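Me: I have a model open and would like to talk through how its helices pack. Could you take my questions one at a time?

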Amino acid sequence: MEYHIDTGLIKEKFSTDCECPLCEIQKIVEEQFLHEFLNDAVMEDNTRIKVGKEGFCAKHFDMLFARPNKLSVALQIQTRVKNLQTLITDEKNLNKALKNAKALESSSNTCAICYYVEESMVKYYKTVAQMFYNERDFLKMLLGTKGFCLHHYAELLKYSRYASFMAKEYVGVLGGIEKRNIERLQADLQKFCDKHDYRNANEPLGNAETALPRMRVKLYGEKID
């Protein structure tokens with residue numbers, strides 16, 4: 001079976017002490033596309049068409065703008081705005097105004113970088129399942145993780161069929177890992193809450209001190225700046 005994407009990054013990040021190795025992979029993928037959209041990609045017709053049609057979400061606009069190459073951002077946003085200007089008219093046509101309102105509302109939910117990042121991440125979800133099926137040692141690596149954020153856990157389940165006839169075993173293993181690690185974080189959160197009882201004032205917090213930010217990763221994924 002041919003993998004959808006190189007397995008090296010998966011093995012590297014799945015061996016990392018983190019709450020979601022796929023978030024770590026996504027940060028790298030996202031950084032690659034941010035770099036491309038500020039450099040060579042800005043001159044490619046296909047990219048300009050894609051940006052003109054979909055634009056950038058607020059998060060990715062801010063991330064692009066925070067970098068030195070402001071001209072690349074300006075050129076791409078200029079293309080995007082030209083597309084949006086067709087939806088802004090002073091015609092006294094209620095039906096057309098309502099249609100334009102719907103189109104403008106939809107336009108705020110599209111992003112060229114989000115599209116390409118998600119397209120790449122799907123390949124990782126498929127490859128993780130294939131590795132479970134193909135590589136005997138991968139199970140040990142998977143069991144050694146601290147699970148995944150809920151979004152990436154759901155995506156792994158969604159593409160579990162790529163584990164072939166081992167798909168049922170695969171989803172069982174994923175569920176066991178996620179359940180165990182949610183319970184681990186819940187226990188840390190409980191310890192954090194208990195610490196605020198005056199009777200436990202002298203009890204050490206230990207790992208519970210970081211329970212909330214770690215649970216934040218589990219619930220919402222890594223914050224990407």
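Me: How are helix 3 and helix 5 oriented to each other?
Reply: This is a predicted model, where local features need pLDDT of at least 70, side-chain atom pairs count only at pLDDT 80 or more, and totals for chains, interfaces and linings use all residues. Residues are numbered from 1 along each chain as its sequence is written, and side-chain values use heavy atoms, with hydrogens and water left out. Helix 3 (residues 45-54) and helix 5 (residues 70-85) pack at about 50 degrees with axes 7 Å apart; axes are lines fitted to C-alpha atoms, for helices over the stretch in contact, and angles run from 0 to 180 degrees between N-to-C directions. Angles under 35 degrees count as roughly parallel, over 145 as roughly antiparallel, 65 to 115 as roughly perpendicular and the rest as oblique, so helix 3 and helix 5 are oblique.

Me: Which residues of helix 5 make the contact with helix 3?
Reply: Contact means heavy atoms within 4.5 Å, and helices are DSSP runs (H or I, at least four residues) numbered from the N terminus. Helix 3 brings T47, R48, V51, G52, K53 and E54. From helix 5 come L75, Q76, T79, R80 and N83.

Me: How many nonpolar residues are in the contact of helix 3 with helix 5?
Reply: Ala, Val, Leu, Ile, Met, Phe, Trp, Tyr, Cys and Pro count as nonpolar, Asp, Glu, Lys and Arg as charged, and the others, Gly among them, as polar. This contact holds 5 polar and 4 charged residues, and the nonpolar ones number 2.

Me: Are helix 3 and helix 7 roughly parallel or roughly perpendicular to each other?
Reply: Their axes come within 8 Å and cross at roughly 115 degrees. K50, V51 and E54 in helix 3 meet A112, Y115 and Y116 in helix 7, a contact with 4 nonpolar, no polar and 2 charged residues. Given the crossing angle, helix 3 and helix 7 are therefore roughly perpendicular.

Me: Which residues of helix 3 are buried?
Reply: Buried means under 20% relative accessible area, exposed over 50%, partly exposed in between (1.4 Å probe, protein chains only). The cover over the buried residues of helix 3 includes helix 2, helix 5, helix 6 (94-107) and helix 7. Beneath that cover, the buried residues are T47, K50, V51, G52 and E54.

Me: What is the angle between helix 4 and helix 5?
Reply: F61, L64 and F65 of helix 4 touch K70, V73 and I77 of helix 5, giving 5 nonpolar, no polar and 1 charged residues. Their axes lie 9 Å apart, and the angle is about 145 degrees.

Me: Which helix gives the largest share of the largest nonpolar core?
Reply: A nonpolar core is a set of buried Ala, Val, Leu, Ile, Met, Phe, Trp, Tyr and Cys residues joined through side-chain atoms within 4.5 Å. Of its 45 residues, F14, L22, I25, I113, L142, F148 and Y170 touch the most other members. The largest share, 11 residues, comes from helix 7.

Me: What is the relative accessible area of F148?
Reply: F148 lies in the loop between helix 8 and helix 9. Beyond four places in sequence, its contacts include F14, L22, L142, L174 and K218. F148 is buried, because its relative accessible area is 0%.

Me: Is D188 buried or exposed?
Reply: D188 lies in helix 10. Leaving out residues up to four places away in sequence, D188 touches N207, A208, A211 and R214. Its relative accessibility is 15%, so D188 counts as buried.

Notes: Helices (H or I, at least four residues) and strands (E, at least two) are DSSP runs, numbered from the N terminus.
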